[in-house]
Amino acid sequence: MTPSKGWVAFSAVKRAITLEAVLRHYQVPGLRRRRDQLQGCCPIHHGHRHDSFRAHLTKNVFQCFACQAHGNVLDFVAAMEKCSIREAALLLQQWFDLAAAPVSVCATVADRQNFELVRKEEGINAPLRFALTGIEEHHPYLAQRGIDPATAREFGVGLYRRPGLMSGRVVIPIRNAHGQLIAYAGRAIDGRPRKYKLPAGFRKGLELFNLSRAAAAGRKTVILVEGYFDCMQVHQAGFPCVVALMGSALSVAQESALLRHFYRIAVMLDGDVSGQAASQAIAARLSSRCSVEVVRVADGTQPDQLSRSVLRRLLVTVK
Ligand SMILES: [Zn+2]
């Protein structure tokens, strides 16, 4: 058996690169050493607790007690970059100059399992075999966030009261590029921890929220925002060609999807320092491959908090 072109011997990457080196690469601030552990704020979910994130240096694994992220160097990079395990391995090879590392050709059972794992991780978010029913589209939370009943109906969002993973949360259906339902995101509306809940194993780095609707709008310019509510707000302001990153990092898969469907990208992330920095980074990355514009949102605000008239003024060049 010969690995297909582009496959990665990621067990070799895991062996060659320590978690400590990866944390140094990201310049994660404020980590304190206790015996063979580093402890501090979680760089993945950017929490405020100073003890939620722990890296075990001898085992080369990490865990965050707040966001539940855990795993090895590949999982860490995948979580930081919101990308697949395979993309994480490729990034690590690049950063640590391992391009010439020997690629073991499935000589052992362990290697073969690793290749299969890479293939699986790289794959797709499979379509759901069910759809939630009994979603309440007329909930005060949606009105409070400025979402019209018509928009709620179109996106299928609303409160889900029945028992289960999403119980008591506002659920937001996520569809793939073909419009197939692949997951629900659950937004907490009562201040409970984990503002957004996604099903275990769902890889948001493989998707762009609202891509199927945006692509069907038949426009050349797409507006790129961070969150679900930004996306719905921009949509109801009269710009149906809008997609959300479900975060502020652009993965390789998301970049490919954007370039496949659109000619021009208007990047409109949040108006805070990190959002603006991310906007510039994304625009710089995309600018060699398509036409890009950064739409600045006032400091301290985000697109879903803006009135329709402000959004229309900001996006006047997009129509
Ligand atoms: Zn965390």
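In this predicted model, the largest nonpolar core has 36 residues. Those with the most contacts inside this core are Ile174, Phe209, Ile223, Tyr228, Val234 and Met268. Seven elements are named as suppliers of at least two residues each: α6 (140-144), α7 (149-155), β7 (169-175), β8 (181-188), β10 (221-225), α9 and β11 (242-244). The largest share, five residues, comes from α9. Apart from this core there is a second, separate one of 29 residues, which includes Val13, Leu23, Leu74 and Met80. In soluble globular proteins, nonpolar side chains tend to be buried together.

Ile174 illustrates the packing in the largest core. Leaving aside residues up to four places away in sequence, Ile174 touches Gln180, Leu181, Ile182, Ala183, Ala185, Leu198, Phe202, Phe209, Tyr228 and Met246. Two of these partners, Phe209 and Tyr228, are themselves listed among the residues with the most contacts inside the core.

**Helices α9, α7 and α4**

Helix α9 covers residues 228-236, and because nine of its nine residues are buried, α9 is largely enclosed by the rest of the structure. The buried residues of α9 include polar ones as well as nonpolar ones: Tyr228, Phe229, Asp230, Cys231, Met232, Gln233, Val234, His235 and Gln236. Just after α9, Gly238 takes a positive phi of about 105°.

Thr151, in helix α7, makes contacts with α9. With residues up to four places away in sequence not counted, Thr151 touches Met232, His235 and Gln236, which are among the buried residues of α9. Thr151 has a relative accessible area of 5% and is therefore buried.

Helix α4 (85-95) is mostly covered, with eight of its eleven residues buried. These eight are Ile85, Arg86, Glu87, Ala88, Ala89, Leu91, Leu92 and Gln93.

**Cavities**

The model contains two cavities of 30 Å³ or more. The largest has a volume of about 50 Å³, and its lining consists of Pro173, Ile174, Arg175, Phe209, Asn210, Leu211, Ser212 and Arg213. The elements that give two or more residues to this lining are β7 and α8 (211-216). Ile174 and Phe209 thus appear both in the lining of the largest cavity and among the residues with the most contacts inside the largest core.

**The zinc site**

The zinc ion has four protein donors, Cys42 (SG), His45 (ND1), Cys64 (SG) and Cys67 (SG), at 2.0 to 2.3 Å. Along the chain the donors follow the spacing C-x2-H-x18-C-x2-C. The arrangement is tetrahedral because the four donor atoms subtend angles of 97 to 123° around the zinc ion, and four donors count as tetrahedral if all angles lie between 85 and 135 degrees. Two of the donors are described by their accessibility: Cys42 is buried, with a relative accessible area of 2%, whereas His45 counts as partly exposed at 32%.

**Strand β2**

Leu38 lies in strand β2 (residues 37-40). At 10% relative accessibility, Leu38 counts as buried. Leu38 and Ala55 are 17 residues apart in sequence, yet their C-alpha atoms are 5.0 Å apart in space. Not counting residues up to four places away in sequence, Leu38 touches Glu20, Leu23, Leu31, Arg32, Arg33, Phe53, Arg54, Ala55 and Leu57. One of these partners, Leu23, is included in the second core.

**Positive phi values outside glycine**

Most residues other than glycine have a negative phi, and most peptide bonds are trans. The table gives three residues with a positive phi and their places.

| Residue | Phi | Place |
|---|---|---|
| Gln27 | about 50° | loop between α2 (19-25) and β1 (32-34) |
| Lys82 | about 50° | loop between α3 (73-81) and α4 (85-95) |
| Asp97 | about 55° | just after α4 |

Gln27 is exposed, with a relative accessible area of 65%. Lys82 lies in the loop that leads from α3 to α4, and Asp97 comes just after α4.

Terms used
Residues are numbered from 1 along each chain as its sequence is written. This is a predicted model: local features need pLDDT of at least 70, side-chain atom pairs count only at pLDDT 80 or more; totals for chains, interfaces and linings use all residues. Side-chain values use heavy atoms; hydrogens and water are left out. Donors are N, O and S atoms within 2.8 Å of the metal (3.2 Å for Na, K and Ca); water is not among the atoms, so sites may look incomplete. Four donors count as tetrahedral if all angles lie between 85 and 135 degrees; four count as square planar and six as octahedral if opposite donors are over 155 degrees apart and all others between 65 and 115; anything else is irregular. Buried means under 20% relative accessible area, exposed over 50%, partly exposed in between (1.4 Å probe, protein chains only). Helices (H or I, at least four residues) and strands (E, at least two) are DSSP runs, numbered from the N terminus. A nonpolar core is a set of buried Ala, Val, Leu, Ile, Met, Phe, Trp, Tyr and Cys residues joined through side-chain atoms within 4.5 Å. Contact means heavy atoms within 4.5 Å. On a 1 Å grid over the protein atoms alone, a cavity is a set of points where a 1.4 Å probe fits but cannot get out, and a pocket is an open set with protein on both sides within 12 Å along at least five of seven lines; lining residues have an atom within 4 Å of a point. Grid points are joined across faces, edges and corners, and a volume is the space filled by probe spheres set on the points.
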